[in-house]
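Reader: I am new to this structure and would be grateful for a close look at a single part of it. Please take one chain, describe how its helices meet, and then place that chain in its surroundings.

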Amino acid sequence: MNQQLMHDRLKLHFGYDSFRPGQESIIERVLSGRSVLGLLATGGGKSVTYQLPAMLLPGLTVVVSPLISLMVDQVQQLRARKKIPATYLNSMQDPTESREILKGLAEGAFKLLYISPEKLQQPYVQQVLKRTRVSLIAIDEAHCISQWGHDFRTDYLRLPQVVKQLGAPPVLAVTATATATVREEICSLFSIEKEDVVLQSLNRANIAYDLVEVAEEIDRRSYVIDQMDRLQGPGIVYCSTRQAVDVLTASYQLDGKKRVHGYHGGMNSMERMLIQSQFLAGELDVIIATNAFGMGIDKPDIRYVIHYQMPASLEAYAQEIGRIGRDGKPGYALLLFSWDDWQIHQHMLEKEYPTQAQVQKYEQLCNTGVPLTNEALAMVDISEEMGALLAFYTERVLASYEAAAVGESYPKAQIIWQETEKRRSFKQKKLAEMVSYVRGENCLRASINTYFKENDHQFDLYCCKKCGLTTDAYFQTNDHTIAKNEQIKWNLRQALDTLLPNK
Amino acid sequence: MNSRNSAAEEQDLLCAVALNAMLPLANERTLQSAYYILRGRKANQTLQDVHLYTLYPYYRMFSRFPREDWEKIVSTLFQAGWILPVDAGGTNSKPTFTFSDTGLQHAKHMYQKYRFDVWFAPFTQSDLAERIEPFWSRLHLMVQTISQMHHGDLGFIPVVSDKTAQRSVKNQLADGAMRTAWKQQLSDELYRLWEPLDEGVQELLFCQLSGVGQVGKTLGQVAEIRQTSRSYLMLQFRYGLAASIQTLLAESNHYPLLSKLVTESHKLDPRLTESAARTYALLQTGSDKKEIAKKRQMKESTIEDHLVEIALRCPEWDMTTYLPNELAKEIVETSERLDTSRLRLIKDQSEATVTYLQIRLALARATRGAK
């Protein structure tokens with residue numbers, strides 16, 4: 001494939017003059033029909049690696065993505081800004097809508113289809129795709145397929161099967177977080193050759209890593225509030241719970257200087273969308289949020305991320321601070337931790353996974369054929385969340401057993417429990433790794449990079465707390481206090497004329 | 001005034017709302033029933049109460065009212081001595097409450113202080129609460145779209161992600177002539193619609209809209225700017241929309257465009273979840289559950305869940321096709337004899353031909369009767 005053409009298309013659809021590290025070599029391989037694993041840092045431009053080939057390949061590019069909201073966002077941006085004929089299919093759509101889309105696909109109206117993994121399992125969807133020419137299957141968040149990934153999803157399990165059914169077109173698996181074990185598993189599942197694994201440096205040279213241990217909640221709050229006042233924004237403060245978001249937001253708003261808003265899954269969708277748009281438009285300086293915020297948000301100038309509490313894994317941590325400074329300018333990651341954080345995570349882990357007795361009760365309930373309503377589950381002391389978890393593992397055990405031992409009976413409850421136990425100890429391990437990161441003596445950049453098998457430890461301005469850093473460098477220099485909303489005399493006609501200029 | 005004072009005002013306003021919502025319910029209903037009304041619960045009992053005691057302005061006033069906050073309000077009201085508990089009398093009655101003289105006075109005082117008579121005036125029938133949210137979503141999205149069109153930039157992310165609203169706006173703008181009409185007249189219709197409203201309400205409605213050069217503010221942000229309570233703004237916001245809807249319904253010929261955003265009829269039964277309501281609509285056309293499952297491309301078991309929901313919430317539904325009256329009686333008797341609602345136990349004690357669906361249907365109606 002012609003290099004010039006690739007660059008022309010990059011400029012035309014995406015407005016970039018050059019590729020970012022790793023992108024070009026992934027795209028070249030994909031265009032020559034090879035299956036590829038691309039490992040790009042968060043914010044490293046993963047989506048370009050399949051969106052650009054989609055425009056150059058003769059047939060359809062199918063993108064498997066686990067996040068519905070992300071899918072909708074990307075498709076809207078593709079259609080609006082990049083003029084790429086894209087669409088999406090997921091289980092949230094009503095039948096009429098999916099029928100229309102499938103019809104369009106059959107007619108070749110689209111170059112790019114975003115689809116959720118569960119939708120891709122459906123026979124009639126597969127039928128349509130089989131008749132359409134699929135040139136490439138891109139698998140976003142590919143680490144979800146690995147049981148060693150922190151984000152494992154059952155509906156990813158059957159993807160290799162689906163790829164075969166669609167005539168085994170080339171696969172592009174992309175992810176930002178994958179340890180060596182996860183990489184190997186992805187490669188073997190999709191028959192990706194070693195030379196087709198493209199690793200971009202995961203080191204984020206422009207981010208400085210800071211770490212502060214706090215003893216009391218009150219210290220934690222006043223420290224963070226103070227930092228929020230001083231640091232050069234825009235910034236994000238991540239909290240572990242919705243309640244912590246609400247409390248911190250309320251206390252900041254009492255006397256903080258910046259324009260701040262909370263964001264979490266408990267807010268209605270219009271409110272969340274408004275807050276997100278305000279942040280993107282620069283009308284808010286800081287978002288205080290749970291991990292519900294940030295996925296798919298394209299804001300290159302985020303200057304800092306503060307973790308109000310220690311996250312549950314280094315993967316999650318790396319993903320969240322990965323949103324800092326995508327423009328390449330200096331950024332600052334501050335992590336606060338206390339002994340309480342560890343205890344809270346520990347407690348949540350205990351509550352999340354079932355005892356052997358609970359699994360047995362669940363199994364018995366399933367065998368009765370009673371619909372698994374929340375009431376039915378509550379009668380055997382299983383919470384809604386636990387029910388969902390058990391359904392997940394039952395499905396997974398069934399999936400692996402129907403392939404292996406057809407028709408034979410096996411101790412299902414026992415196996416399911418063992419699986420959940422495996423998962424629990426896996427998460428326990430992730431938590432322990434997080435704890436050893438915050439308690440370690442070594443360079444923070446080196447520790448986190450080593451964890452992801454990255455040997456490049458270069459940095460731009462400062463490295464980390466252990467190597468020495470001056471927070472002042474990240475404080476805002478000019479004390480621009482936001483002008484209070486001036487009281488302009490309200491005039492409905494004028495206001496409407498501005499928003500809806502009737503020329 | 002700072003946020004601390006706003007919090008106090010919030011509490012004060014919520015007490016005012018709670019007291020006035022409770023007023024007609026005193027001595028007849030539980031305190032919970034007022035909570036269910038404010039949250040807009042779709043249960044039969046709640047809908048009946050709203051109707052019976054003409055509590056239309058209160059229905060779904062705070063659809064996300066957390067229970068803890070409600071408990072706090074209730075204990076404040078008790079502590080102030082405005083309401084007093086009344087224990088359950090007979091075996092069948094439930095605990096209720098009554099008003100003290102000071103409570104009655106206070107309720108009246110608060111009603112005036114917060115100008116409830118103004119804000120509640122447009123709520124004269126029960127379907128307004130159901131109409132407010134969809135109307136606002138469509139209006140918001142329409143304004144954003146038209147604003148973007150005026151700037152020749154349709155590459156925007158819609159603030160309203162609700163699919164039904166998106167489809168409705170898309171339909172409105174599908175035709176070229178209609179598109180031109182919307183572009184030319186939306187601003188003028190909005191002006192005429194909102195001009196008669198209180199200026200504070202005009203601004204409140206307007207500043208929540210999005211378009212080119214303006215990202216809508218959330219109610220919480222407006223509350224912060226105005227240094228007032230969020231819930232009080234919610235009341236005024238609902239008033240503004242309800243008044244708009246009433247005007248559009250009454251004078252649709254004066255508002256040929258905006259009236260299209262309200263008149264879309266509510267074919268679906270509001271007592272049910274959307275999906276169950278679609279099933280119910282099909283049932284009424286004579287389809288049986290197999291046919292419905294096929295038509296809707298859903299599992300039959302899902303349709304069965306809908307049937308149970310319909311049995312619970314739509315007492316007029318005749319379910320004898322699925323459950324003969326005789327059998328219903330037998331199942332309820334078995335349930336009472338065993339003193340259980342557990343399906344498995346009842347099924348074990350019933351004839352082999354009795355299905356889980358039948359047991360669920362029978363129990364759905366039985367609990368309704370008992371309450």
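Author: The account below concerns chain B, and then turns to two places in chain A.

The model is a predicted one. Chain B contains 19 helices and two strands. Along the principal axes, its C-alpha atoms fill a box of roughly 70 × 60 × 35 Å. Of the 371 residues in chain B, 37% are buried. If one considers the contacts in chain B between residues at least 6 apart in sequence, 60% of them join residues at least 24 apart.

Two pairs of helices in chain B may be examined closely. Two packed helices are described by the angle between their axes and the distance between the axes.

The first pair consists of α7(B), residues 128-150, and α8(B), residues 163-172, whose axes come within 9 Å and cross at roughly 50°. An angle of that kind is neither under 35 degrees nor in the range 65 to 115, and the two helices are therefore oblique to each other. Their crossing is right-handed. On the α7(B) side, the contact is made by B:Pro134, B:Ser137, B:Arg138, B:Leu141, B:Met142 and B:Thr145. From α8(B) come B:Ala165, B:Gln166, B:Ser168 and B:Val169. By class, the residues of this contact are five nonpolar, four polar and one charged.

The second pair is α10(B), residues 199-206, with α12(B), residues 230-250. Their axes also come within 9 Å, but the crossing is at roughly 90°, which makes α10(B) roughly perpendicular to α12(B). Helix α10(B) contributes B:Gly200, B:Val201, B:Leu204 and B:Leu205 to the contact. Helix α12(B) contributes B:Leu233, B:Gln236, B:Phe237, B:Tyr239 and B:Gly240. Six of the contact residues are nonpolar and three are polar, with no charged residue.

Chain B also meets chain A: 40 residues of chain B are in contact with 33 residues of chain A. On the chain B side, the elements that give two or more residues are α7, α9, α10, α11, α16 and α18. Both α7(B) and α10(B), described above, are thus among them. The largest share, six residues, comes from α9(B), which spans residues 176-194. This side of chain B has 17 nonpolar, 16 polar and seven charged residues.

In chain A, helix α11(A) covers residues 242-255, and its buried residues include A:Ala244, A:Val245, A:Leu248, A:Thr249 and A:Tyr252. Viewed down the helix axis, the buried residues fall within an arc of 125°, so they line one face of α11(A). A general rule of helix geometry is relevant here. An α-helix has 3.6 residues a turn, so residues three or four places apart point the same way. The face turned away from the buried side carries the exposed residues A:Gln243 and A:Leu254. Among the elements that cover the buried residues of α11(A) are the helix α10 (217-230) and the strands β9 (235-238), β10 (260-263) and β11 (286-289) of chain A.

The second place in chain A is A:Ala376, which is found in helix α16(A), residues 374-379. With 17 other C-beta atoms within 10 Å, A:Ala376 is partly exposed. Leaving aside residues up to four places away in sequence, A:Ala376 touches A:Leu365, A:Val370 and A:Pro371. A:Tyr362 lies 14 residues from A:Ala376 in sequence and 10.0 Å from A:Ala376 in space, C-alpha to C-alpha.

Technical notes:
Residues numbered from 1 in each chain as written. Chains lettered and ligands numbered in written order. Predicted model: local features only at pLDDT ≥ 70, side-chain atom pairs only at ≥ 80, totals over all residues. Buried ≥ 20, exposed ≤ 12 C-beta atoms within 10 Å, placed from the backbone. Helix = DSSP H or I, 4+ residues; strand = E, 2+ residues; numbered from the N terminus. Arc of directions from axis to C-beta. Contact = placed C-beta atoms within 7 Å. Axes fitted to C-alpha atoms, helices over the stretch in contact; angles between N-to-C directions. Parallel < 35°, antiparallel > 145°, perpendicular 65-115°, else oblique. Left-handed = near helix turned anticlockwise from the far one by under 90°. Nonpolar A, V, L, I, M, F, W, Y, C, P; charged D, E, K, R; others polar.
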